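Good morning, colleagues. I would like to take a few minutes to go through the side-chain contacts in the structure on the screen. I will begin with one residue and work outward from there.

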Amino acid sequence: MRSSLNHRRDLAQRELQTLQSLQHDWREGERLHREQTATRQQFDAERHRLKTLETEGRQAAERLKAAESEDATIRAQIEAARAARSESVEQLRQYLREDEPCPVCGGTDHPFRHAPPAHPGVAMIEAIERQERQRLEGQRQQVERAQQTYHQCSADYRACRQGMQERERQLETLSRQLDQARAAIDAHDDAPALRRSESADGWFETRRERLNRQWQEASDRLAALDDAERLLQPLEADWQRLSLELGKLDRLFAAHRKAISDLALSADTDTSALKRIRAQLDAMAEHPILIERPFVVTSKGTRLARPLDNVREIL
């Protein structure tokens, strides 16, 4: 019985350990699945962001190109205007010829060769030059802003692309880890039942409660068996002692019977009386209750209560 109870308790303990291992593998698989889902969402968001940055980058490049072109045009216009106001222009006009390119601008059309524009005053020239500087500065700032926007878009694009590559590596690693976790779960005998359950947490809880109950029942029965054995130990000792005393009494009775038999054989008595005695002895041997062999056990020993005076010795 004890062996059977120990086996049941050990079996429940092993199944509890197996259940704990299965729950650990299951939770690891769930964690990897959640991480894979979150990483895939990040990858999709970065891919959408990358497309947006491509569009913004093209637009920034176009704006930069337009700003640089406008800057070049404005500079050319201002340089031409400044050249027209310089003192050497008067000497240059004297050397211009029809159908010959201008050494300054390269043009063959010389509208101010014979009728130069009126020379503005000093205040007017200062105002014009101030406006030109402001125009150049404004255009320069616009070009710088366009460059900054373009460079920022380029940097964001590269960072986004690197992030996508990192997410791709993470997804590959998570995919391998998830396959390993699923293989570890499938290695358990209870994996099919777990996968068929509607709630994994509920399944684990029900399974754990049942195994804990089996373990506790076996443990309680073993404890009760230990208590019973402790209670039986003194009774068993008394039984062994009484068995020894009874053996002594049996040997004493056998000796007395043999003595009576010997006396009956040696005595010259009536045959019928001898037969009667033998019949009584046989009846007492076959039915011990007939001779009523009461014995008394105390802390001082054990005595046969025939004659009654024997009992007084151990009282």
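Let us start at Glu144, which counts as partly exposed because its relative accessible area is 33%. Please bear in mind throughout that this is a predicted model.

Which residue is the salt-bridge partner of Glu144? The partner is Arg140, and the closest N and O atoms of the pair are 2.2 Å apart. Arg140 is likewise partly exposed, since its relative accessible area is 31%. Both residues belong to helix α3, which spans residues 122–186, and because they are four residues apart, about one helical turn separates them.

Helix α3 holds another such pair. Glu166 and Arg169 lie three residues apart there, about one turn of the helix, and they form a salt bridge with closest N and O atoms 2.6 Å apart. With 46% relative accessibility, Arg169 counts as partly exposed; Glu166, at 31%, is partly exposed too. Elsewhere, Glu28, Arg31 and Glu35 are joined into one network by salt bridges that share partners.

As a general reminder, side chains of opposite charge can pair when their charged atoms come close. How many salt bridges does the count give here? The total comes to 13.

One of them deserves separate attention, namely the salt bridge between the side chains of Asp226 and Arg2, at 2.5 Å from N to O. Asp226 sits in helix α5, residues 200–266, whereas Arg2 sits in helix α1, residues 2–85, so this pair ties together parts that are 224 residues apart in sequence. Are these two side chains buried, exposed or partly exposed? Asp226 is partly exposed, at 28% relative accessibility, and Arg2 is partly exposed as well, with a relative accessible area of 29%.

I turn now to the aromatic residues. Searching the whole structure yields one aromatic pair. That pair consists of Trp203 and Phe204 in an edge-to-face arrangement, with 5.2 Å from centre to centre and 80° between the planes. Trp203 and Phe204 are both buried.

Finally, I would draw your attention to Lys300. Where does Lys300 lie? Its place is the loop between strands β1 (295–298) and β2 (301–304). Lys300 counts as exposed because its relative accessibility is 57%, above the 50% cut-off. From Lys300 to Glu313 the C-alpha to C-alpha distance is 8.4 Å, and the two are 13 residues apart in sequence.

Thank you for your attention.

Conventions. Residues numbered from 1 in each chain as written. Predicted model: local features only at pLDDT ≥ 70, side-chain atom pairs only at ≥ 80, totals over all residues. Heavy atoms only, no water. Helix = DSSP H or I, 4+ residues; strand = E, 2+ residues; numbered from the N terminus. Buried < 20%, exposed > 50% of the residue type's maximum accessible area, 1.4 Å probe, protein only. Phe/Tyr/Trp six-rings, centres within 6.5 Å; stacked < 30°, edge-to-face > 60°. Salt bridge = Lys/Arg side-chain N within 4 Å of Asp/Glu carboxyl O.
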